[in-house]
Amino acid sequence: MTTEEQNGQELDNLVEITMEAEPELVEMCRDMGAQTEEAKAIYMTSRRIASKLVGDDSPQGRVRQRCMISTGDPEVAEIMRFKNDPIKAGVEAIKNGAPIFVDINMVKAGVTKKGHDCPVICVLDEDKDAQTAHKYGITRTAAGFLNCRDRLEGAIVAIGNAPSAAFAVCRMIDHGIKPALVIGTPVGFVNSAESKEEVRKRDIPSITCVGTRGGTPIAVACVNEIVAIKRDEETCD
């Protein structure tokens with residue numbers, strides 16, 4: 001037996017299917033991240049459960065579903081807030097290839113690479129040596145967004161971690177910079193709830209959540225579901 005055959009046999013012994021793939025579920029699945037039959041079955045089963053809890057007769061319902069699935073927490077659906085038709089604004093921005101600015105690399109890594117042509121930019125890369133952060137004594141995420149101020153007009157902003165970044169974006173909005181959509185779901189006990197409330201006070205399309213809960217999974221879920229809605233709209237055209 002060759003080394004390659006031995007490795008293949010070892011792999012065969014380690015593989016385990018965790019869920020039987022119902023053909024109906026596999027056929028129904030349109031999620032761009034689910035590539036195999038098992039992945040499609042898991043995804044669609046999750047969507048069915050979430051659909052029973054919050055419904056899926058609206059774009060907002062679809063986003064709530066995905067946020068629930070990403071966190072495993074049905075209560076997340078109750079804390080989501082949508083202002084100024086944000087899903088429509090996000091879909092249009094993605095159709096136009098608008099850049100997506102995110103606060104940390106975890107959010108960037110989670111955003112789907114399929115179904116859109118939008119560049120995804122982590123603002124930490126815009127202040128690599130932390131010069132702006134050190135100059136003003138602010139966080140690197142806030143500094144990164146400030147360094148991107150000339151590119152935020154008409155862009156999508158997705159903040160899943162840093163309240164300071166949300167505050168920075170709010171200040172720029174107050175000075176006339178208008179992103180197409182702000183997704184603000186920073187998490188934590190310091191300024192998280194307050195920063196999201198500030199986002200909701202601005203007259204822009206936004207998706208936020210209430211309180212200290214939030215995080216990367218929710219921000220990513222919002223972006224990816226908007227991409228999916230955009231794809232479905234194009235398929236129906």
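**Exercise 1. Determine whether Thr 208 is buried or exposed, and describe its surroundings.**

Step 1. Thr 208 has a relative accessible area of 0% and is therefore buried. Here buried means under 20% relative accessible area, exposed means over 50%, and partly exposed lies in between (1.4 Å probe, protein chains only).

Step 2. This is a predicted model, in which local features need pLDDT of at least 70, side-chain atom pairs count only at pLDDT 80 or more, and totals for chains, interfaces and linings use all residues. Residues are numbered from 1 along each chain as its sequence is written, and side-chain values use heavy atoms, with hydrogens and water left out.

Step 3. Thr 208 belongs to strand β6, residues 206-209. Helices (H or I, at least four residues) and strands (E, at least two) are DSSP runs, numbered from the N terminus.

Step 4. Leaving aside residues up to four places away in sequence, Thr 208 touches Ile 79, Met 80, Arg 81, Gly 184, Lys 196, Val 199 and Arg 200. Contact means heavy atoms within 4.5 Å.

Step 5. With Arg 200 there is also a polar contact, side chain to side chain, at 2.8 Å. A polar contact is a pair of N or O atoms within 3.5 Å; within protein, one must be able to donate a hydrogen and the other to accept it, and residues adjacent in sequence count only if both atoms are side-chain atoms.

**Exercise 2. Establish the order of the six strands in the sheet, and identify its edges.**

Step 1. The six strands form an open sheet of mixed pairing, ordered β1-β6-β5-β4-β2-β3. Two strands pair if DSSP finds at least two bridges between them.

Step 2. The edge strands, each pairing on one side only, are β1 (80-83) and β3 (120-122).

Step 3. β1 and β6 run antiparallel and are joined by four bridges. Within β6, Ile 207 is the bridge partner of Phe 82.

Step 4. Along β1 the side chains alternate: Met 80 and Phe 82 point to one face and are buried, whereas Arg 81 and Lys 83 point to the other and are not.

Step 5. Strand β2 (residues 100-102) runs parallel to strand β4 (residues 156-159), and three bridges join them. Phe 101 has Val 157 as its bridge partner in β4.

**Exercise 3. Locate Pro 179 and relate it to Val 157.**

Step 1. Pro 179 lies in the loop between α10 (163-174) and β5 (181-184).

Step 2. With a relative accessible area of 5%, Pro 179 is buried.

Step 3. Pro 179 and Val 157 are 22 residues apart in sequence, and their C-alpha atoms are 6.9 Å apart.

Step 4. Residues up to four places away in sequence being excluded, Pro 179 touches Leu 152, Gly 154, Ala 155, Val 157 and Ile 173.

**Exercise 4. State how many disulfides the structure holds, and examine Cys 148.**

Step 1. A search of the whole structure finds zero disulfides. A disulfide is a pair of cysteine sulfur atoms within 2.5 Å.

Step 2. For Cys 148, the nearest cysteine sulfur is that of Cys 122, 9.2 Å away, and Cys 148 is in no disulfide.

Step 3. Cys 148 is buried, with a relative accessible area of 0%. Cys 118 also counts as buried, at 7% relative accessibility.

**Exercise 5. Summarise the chain as a whole.**

Step 1. The chain has 12 helices and six strands.

Step 2. Of its 237 residues, 47% are buried.
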